[in-house]
Amino acid sequence: LKFVCNSNDGNDEHMVWLIGLKNIFARQLPNMPKEYIVRLVMDRNHKSVMVIRRNKVVGGITYRPYASQKFGEIAFCAITADEQVKGYGTRLMNHLKQHARDVDGLTHFLTYADNNAVGYFIKQGFTKEIYLDKDRWQGYIKDYDGGILMECKIDPKLPYTD
Ligand code: ACO
């Protein structure tokens, strides 16, 4: 089992994983238009942290780091159906936080969480209160009806992964 963070960088193996992840998102997030999922997963401004087992994608999180604003927006997050509730979602989020802090230099995440995923995000340290200054994120993230805006502060020192 491994965790990787890739973007659409022309590498064949990364491309195969990103397509696998796109298919998981399309199935697990049925309210999202498929074209929109493909566009963001393949967009070079977005990155995806993925769980890989036996060279196959089990799930992942696609996000856009806004380096100048020091926050990231999580666009999609899902684990494939038969692997949910086994702890992968938690480990994935921890790898995302570690990477975002140590590689991207981010301090916060924002996401529009689906109603049924709010419980998962709360367990990952997200709140419905937005403490981040509005001028740091307003105009950067797109408004989206079908969800609740949630925030997570990344601890500056905590080791999130072993
Ligand atoms: N509601 C409430 N609690 C949840 C949910 C949920 N939907 N899913 C998991 N949890 C809880 C688990 O019970 C567990 O709690 P515990 O630590 O007390 O045992 C904890 O959250 C972590 O569980 P994991 O096993 O690590 O989570 P999992 O691997 O199942 O991944 C995920 C969670 C990503 C939400 C997965 O269930 C999934 O893909 N769901 C369908 C797609 C989805 O809803 N994605 C999020 C949409 S919002 C967005 O993408 C921005």
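**Salt bridges, sheet and loops**

User: Let's start with Glu83: buried or exposed, going by its relative accessibility?
Analyst: Keep in mind that this is a predicted model. The relative accessibility of Glu83 comes out at 9%. The cut-off for buried is under 20%, so Glu83 counts as buried.

User: Which residue does Glu83 form a salt bridge with?
Analyst: The closest N and O atoms of this pair are 2.8 Å apart, and a salt bridge needs them within 4 Å. The partner is exposed, with a relative accessible area of 53%, while Glu83 is buried. That partner is Lys86.

User: Which residue is linked with Glu83 and Lys86 in a network of salt bridges?
Analyst: Glu83 and Lys86 already form a salt bridge with each other. The network takes in one further name besides those two, and that is Arg53.

User: How many salt bridges does the structure hold?
Analyst: Among them are Lys86 with Glu83 and Asp102 with Arg101. Asp104 and Lys47 also meet in one. The total for the structure is 4.

User: How many residues apart are Asp104 and Lys47?
Analyst: Their side chains meet in a salt bridge, at 2.5 Å from N to O. The pair links distant parts of the chain, since Asp104 sits in helix α3 (residues 88-104) and Lys47 in strand β2 (residues 47-53). Asp104 itself has 16% relative accessibility and so counts as buried. Along the chain, the two residues are apart by 57.

User: In the pair of Asp102 and Arg101, what is the distance between the closest N and O atoms?
Analyst: The two ends of this salt bridge get separate labels. Asp102 counts as partly exposed at 48% relative accessibility, whereas Arg101 counts as buried at 14%. Their closest N and O atoms are apart by 2.8 Å.

User: Now the sheet: which strands stand at the edges?
Analyst: The sheet is open, has 6 strands in the order β1-β2-β3-β4-β5-β6, and shows mixed pairing. Each edge strand has a single partner strand, so one side of it is left without a neighbour in the sheet. From one strand to the next, the twist averages 25°. The edge strands are β1 (2-6) and β6 (148-153).

User: Which residue of β6 does Leu110 stand opposite?
Analyst: Strand β5 (residues 108-113) pairs with β6 in the antiparallel sense, over 6 bridges. Opposite Leu110, in β6, you'll find Glu151.

User: Helix α1 packs on the sheet, so what angle does its direction make with that of β3?
Analyst: Helix α1 (residues 12-28) touches β1, β2, β3 (56-66) and β4 (71-79). Helix α2 (residues 34-42) also packs on the sheet, touching β3 and β4, and its direction makes about 125° with that of β4. For α1 and β3, the angle is about 90°.

User: What is phi for Lys70, which is not a glycine?
Analyst: Most residues other than glycine have a negative phi. Lys70 is found in the loop between β3 and β4, and counts as partly exposed at 41% relative accessibility. Its phi is positive, at about 60°.

User: Where does Val85 lie?
Analyst: Val85 is not a glycine, yet has a positive phi of about 60°. At 85% relative accessibility, over the 50% cut-off, Val85 counts as exposed. Its place is the loop between β4 and α3.

Definitions and conventions: Residues numbered from 1 in each chain as written. Predicted model: local features only at pLDDT ≥ 70, side-chain atom pairs only at ≥ 80, totals over all residues. Heavy atoms only, no water. Helix = DSSP H or I, 4+ residues; strand = E, 2+ residues; numbered from the N terminus. Buried < 20%, exposed > 50% of the residue type's maximum accessible area, 1.4 Å probe, protein only. Pairing = 2+ DSSP bridges. Axes fitted to C-alpha atoms, helices over the stretch in contact; angles between N-to-C directions. Contact = heavy atoms within 4.5 Å.
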